[in-house]
Each structure stands twice: as C-alpha cells, then as structure tokens.
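Colleague: Please walk me through this model. I want the strands, then the helix packing.

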Amino acid sequence: MPVPQATTHAPRAAIAALPELVVNQIAAGEVIERPASVVKELVENALDAGASRIDVELESGGIDLIRVRDDGFGIPPGELPLALATHATSKLRETGDLDRIGTLGFRGEALASIASVAQVSIVSRTRDAQAAHAIDAEQGRLSTVRPASGAPGTSITVRTLFHSTPARRKFLRTPTTEATRCLDWLTDLAMAHPHVAFRATTDGRVRLDLAPADSPRVRALELLGPELEGQLVEVHWDALDDDRGLAIWGLAGLPSLARATAKAQHVFLNGRALRDKTVQHAMREAYRGLIEPGRHPTALLMLEMPPAAVDVNVHPAKLEVRFRDQSMVHRAVYQAVQRALRSADLTPGALDRAPALGGGVPSATRSMPGATEILPGPPRDAYQTLAPGGAARVVGERGAQGVAPYASFVEALSAPAGNNDEPGPGARAWSPRRVERVLQVHDSYLVVEDAEGIVLIDQHALHERVMFEKLLARVTAGPLESQGLLAPAPVPATAQQVDRLAELGPLLTRIGIEAEPLGPRTIGVRGVPTLLVERGVDAAELFAELLARLDDSSATPGEEEALHEVLDTMACKSAVKAGDPLTDDEIAELLEQRERVERSGSCPHGRATTVRLTRKDLDRLFDRR
C-alpha cells in the first residue's frame with residue numbers, strides 16, 4: 001500500500017488587486033454561462049431602453065455571432081465608453097434605489113462581462129440625433145468612438161463568444177442546442193412583453209416573427225399554440241395598491257396538459273422571467289390531486305407588485321428574487337390558480353386519453369370553460385346494471401335513500417363535506433334533469449348519459465376522491481375520532497421509522513391513529529379512525545403503507561403535504577374497489593357526491609375519475625360525420 005507523501009506548500013503570495021480584465025472574466029463566469037445568457041442580457045437592456053421592436057440574429061447558435069437591434073432611446077456618443085465599463089449604469093444612483101428596482105437590468109456589469117470573453121461592437125443613435133456612433137471592445141480594450149450609420153436605437157454585435165477563454169467554450173453544446181436555449185429565453189421575454197415586436201433568425205432562417213399583440217393572452221397563444229386555447233383557463237387576482245399587495249394574470253392548463261418537467265411553466269414578475277420555488281410550489285399545490293405525482297402543470301403567470309416589495313438583487317443572472325412577504329405570494333398564487341380551476345370543466349375527453357380508440361380519429365375540439373352543459377344528477381328510479389356475466393339486469397323502483405345493504409358506505413358518502421357548498425374543480429352544480437339509465441360495467445365502471453354524450457366513471461377512483469374530501473373536511477374541523485383495537489396490531493418497521501414515531505405524533509393524532517413502539521423494529525397500532533373501521537380497513541396494512549408513503553415523501557410531518565399524503569392513503573384503502581358490485585342506492589349516492597365534492601374529476605393521486613365521449617365523438621367513431 002503506497003505511503004502518503006507529505007504535502008508541500010507554495011510560498012505565500014502577497015495580496016494584490018486583480019487586473020480589471022480578470023475581474024470582468026470572473027463576473028462573466030457568473031452572468032454569462034452560454035449564448036442564451038448574452039441574448040437575455042442584451043434583450044433586457046433593449047426592453048429597458050423602451051424598444052417597441054427587437055431583432056435578434058444568431059449564427060452557430062450564438063457561438064459565432066449574436067446581434068440584437070432595437071429602436072429604443074439609444075446611447076449618446078459620450079456615454080458609449082461607460083456602457084462598456086464595469087458597474088456603470090443609468091438605472092441606479094444611490095443605495096436606496098436597490099430597494100425599488102423597476103428595470104430588468106441594473107447591475108451595470110453585463111456589457112463589460114461580455115466584452116471580456118468576446119468581441120463586442122455597439123452602434124447607437126439617440127432619437128433626436130442626426131447620426132449614429134460606434135465603439136468596439138475586446139479583451140478589456142476599447143476603441144475610440146467614431147461616427148457610423150444607423151437608425152435610431154441600438155445595435156450590439158457579439159462575435160466569437162469565449163474565444164479568449166477556450167476552457168469555457170468547450171463546455172458549450174452543439175449550435176442547434178445553443179440556438180434552442182436562446183429561443184427559449186426569447187420566447188419567455190416575448191411572453192412577458194406582448195406590446196413589443198420580436199423577430200429572431202438563426203443562420204438566416206426566421207425562427208420567431210411576432211407583431212405587437214393586443215393582449216397578453218393573444219401573445220401567449222401565439223407562442224404556446226392556438227390549438228391550446230380551449231385547454232387554458234384564465235387566472236385573475238387583484239389585491240394590489242400603491243405600495244403593497246399583488247396582482248396576477250395568467251393561463252392555467254387543464255390537468256391533461258401536465259408534463260414530465262416544469263419547462264412548460266412560465267412565470268414573470270414585473271416583466272422579469274423567474275425561476276422561483278415559492279411560485280412553483282404554490283402552483284403544484286393548486287393542482288394537487290388533479291395531476292399525477294411527478295407531473296408538472298402547464299401554466300403562464302404574470303405577477304405584478306411594487307418594486308419595493310421584492311428584492312431582485314439576489315442572483316448574478318437575476319433569475320431568482322426574494323419576496324418581502326413570501327407567504328402572501330404563495331397564498332395568492334395558490335388561491336388564484338385554484339379558483340381558476342374551479343371554474344373549468346376538467347372532465348377529459350375519452351378520445352383525448354386514448355388516441356387509438358376509433359382508429360386514431362382526432363377528438364372533437366374541447367369546449368371553452370363554462371360553455372358545457374351541467375352534468376345531470378343520478379336517476380331517482382330505474383337503474384340498469386351489467387352483471388359480471390355480461391347480462392344486463394334492471395333494478396326496480398328504488399326505496400328510500402340510505403337503506404342499501406352497505407349502510408356505512410352510504411352514510412360515509414352522505415356525511416357533509418364541510419361548510420363550503422361551492423362545487424370544486426371538476427365538480428358540477430346540481431341539475432334537475434333526470435338520467436334514465438346508469439350501467440355498472442364489470443363491477444368497476446359506471447356509464448352515465450348526459451346532454452353531451454356519455455360519461456365513463458371509475459368507481460374506485462371517484463369513491464377515493466369522495467373519501468379523501470370527507471376525511472380532509474373532518475380533519476380540518478378537528479382530530480378524527482379514534483376507535484381502540486382489542487389488541488395492538490404489530491407492524492414491522494425500520495429502526496429509523498421507530499425513532500421517527502415521536503416526531504409523527506401530532507400528525508397521527510390529527511388522523512385518529514394511536515401507535516407506540518413494541519420493540520426496536522416493531523410498532524403497535526392501538527387505535528384507528530372510526531370511519532376506517534366501519535369500512536373494514538386492516539389497521540396494520542394501513543399503517544405500514546402510511547410509513548412507506550411518508551418515507552418516500554419530501555414533506556415534513558406537520559406540513560399540509562404530509563397530511564395530504566396520509567389522507568391519500570387512507571382514502572385509497574377505504575374506497576370501494578374495482579370488482580365490487582354496488583347497489584342502486586350506493587350508485588346514486590356516489591354519483592350525487594360527484595356533484596358536490598372538490599375536484600371530483602380526479603382521484604387524490606391525479607388519475608382521472610371520469611372521461612367523456614361526446615355525441616360528436618360517437619358520430620365520428622361510427623362514421624356519422
């Protein structure tokens with residue numbers, strides 16, 4: 001085995017100020033990561049200059065050339081050298097200005113940093129000048145200012161990015177990838193500033209050409225795709241005054257638009273593109289139970305708040321901010337998005353979910369939110385059920401409500417869900433129109449006719465949502481009632497889970513579970529919620545799954561996320577299963593609760609409870625187009 005050698009130390013070096021070029025290259029390492037960083041900084045400067053039109057030209061993905069032209073205020077010739085100097089800016093004058101930044105750029109280091117790692121040329125003309133002037137910079141050296149030809153505004157050309165720092169250049173991706181990243185930033189900036197015209201070319205090919213838009217919605221649909229119009233609902237929130245509060249406008253995608261990454265989320269604050277965890281978390285919570293875990297909603301949110309209410313000077317590239325009142329922002333985003341989803345028809349089309357159905361016939365265009373007819377309630381007389389053998393049977397006149405053989409099922413469904421009578425996302429207001437037939441197919445699915453066509457319902461998923469909302473309402477009102485077991489139900493556990501039991505105590509008390517260590521690797525369950533006892537839930541099996549869910553969750557005990565994780569599991573365990581035959585009373589109660597509970601269009605895990613085949617879909621399937 002080799003013997004470690006003694007470490008030798010170099011002689012101590014004297015402390016000295018770094019050369020300006022090195023300082024700028026260090027700054028460039030924080031601000032200028034790739035061509036997209038340059039595009040972002042230059043376009044933001046153009047927007048700050050009051051531009052109404054911005055043209056961006058790229059060659060080799062911006063590695064060889066980036067040119068940004070605008071028709072903004074322009075730079076006077078005497079200020080051109082200062083534009084390329086470190087920490088020189090027109091946007092700040094004193095320390096107090098840092099507390100009320102209203103511009104996209106303000107640090108005064110972008111152009112100096114870019115010029116330290118590339119060749120930069122600026123041609124600019126103010127709106128009242130007769131001619132333009134130009135200046136060049138490379139490796140910290142500036143040329144003299146000279147007369148040039150040019151329209152009012154500014155044109156900045158950046159060539160051979162990182163040519164002086166080859167170690168940085170080798171980390172760049174292919175020109176195609178770098179161009180895509182540049183266009184991603186341009187797309188965000190164009191969304192945030194719909195009144196500005198944008199045009200972008202890559203190697204002579206036009207990739208973006210946007211005229212000034214009449215509204216943020218028009219610009220957003222231009223970029224997201226007009227085919228999504230019926231799948232985006234508007235978000236509104238107005239609690240803004242002169243020096244506090246927040247206003248929000250945006251578009252929230254239906255759950256069917258959820259993606260594997262958060263790339264389809266576009267968030268802006270006072271025109272600045274953000275990557276903010278507070279806003280992302282609030283959106284995720286607003287969609288909780290509507291999309292599957294690990295999926296991310298499609299959304300565009302524009303936040304407006306007083307500059308003094310947010311610190312934008314916390315990240316060199318200005319990608320992150322610090323809100324003075326973070327909880328207020330989280331609450332506003334959550335409530336605004338949730339309220340928008342409440343107004344939407346979240347029932348997906350069956351053909352949208354199964355494109356192969358009917359030979360891949362495209363589904364009908366989705367109706368705009370609020371335009372669809374209310375889903376009617378369950379029948380009050382005859383039901384038709386498809387027995388396991390496939391034969392249809394008609395159940396006769398129904399008796400009084402709530403006298404089904406499985407009384408606890410009906411009682412659990414009938415119990416009030418809380419004080420909020422407003423239907424939640426995916427739910428429908430009650431309609432007096434009767435449905436004559438409901439079919440239970442293979443003891444797993446319900447088929448209901450409505451004015452638009454037929455609705456297909458997964459009985460387990462829907463009952464799971466109903467049970468979740470009932471449990472949540474009861475927990476919100478106070479701890480669940482617990483019923484003691486005759487003997488503790490032993491649950492195998494890891495040493496870490498046993499140690500964590502005390503930490504979980506407050507959460508377990510809220511949900512009506514009593515548990516204590518029985519040994520170094522065993523936990524005894526002494527009591528479970530009365531409601532789950534009535535549903536015949538196995539205590540040991542339930543608690544084992546709860547432990548597993550909490551281990552896998554990033555939520556901290558006591559947080560609402562942890563409570564939701566637990567209630568998800570409890571609802572799943574207590575819900576009817578696929579293959580369980582339901583009586584006519586049980587079917588009626590389940591369908592009625594679909595009209596009443598929050599988010600009945602999906603189970604707590606985000607899986608759809610209901611899909612619709614419209615009459616137009618049916619006509620297409622049978623070539624009646």
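Colleague: Is strand S8 (residues 197-202) largely enclosed or open?

Modeller: This is a predicted model, where local features need pLDDT of at least 70, side-chain atom pairs count only at pLDDT 80 or more, and totals for chains, interfaces and linings use all residues. Numbering starts from 1 along each chain as its sequence is written, and side-chain values use heavy atoms, without hydrogens and water. Strands (E, at least two residues) and helices (H or I, at least four) are DSSP runs, numbered from the N terminus. Five of the six residues of S8 are buried (under 20% relative accessible area, 1.4 Å probe, protein chains only), so S8 is largely enclosed by the rest of the structure.

Colleague: Which residue stands opposite threonine 202 of S8?

Modeller: Strands pair if DSSP finds at least two bridges between them. S8 and S1 (residues 53-59) pair in the parallel sense over six bridges. Opposite threonine 202 stands leucine 58.

Colleague: In the hairpin of S8 and S9, which residue takes a positive phi?

Modeller: S9 (residues 205-210) pairs with S8 in the antiparallel sense, over five bridges. Two residues lie between the strands of this hairpin. The positive phi, near 50 degrees, belongs to aspartate 203.

Colleague: Is H6 roughly parallel or roughly antiparallel to H7?

Modeller: H6 (residues 175-192) and H7 (residues 216-224) pack with axes 8 Å apart, at an angle of about 160 degrees. Axes are lines fitted to C-alpha atoms over the stretch in contact, and angles run from 0 to 180 degrees between N-to-C directions. Over 145 degrees counts as roughly antiparallel. That makes H6, relative to H7, roughly antiparallel.

Note on methods. Angles under 35 degrees count as roughly parallel, over 145 as roughly antiparallel, 65 to 115 as roughly perpendicular and the rest as oblique. Buried means under 20% relative accessible area, exposed over 50%, partly exposed in between (1.4 Å probe, protein chains only).
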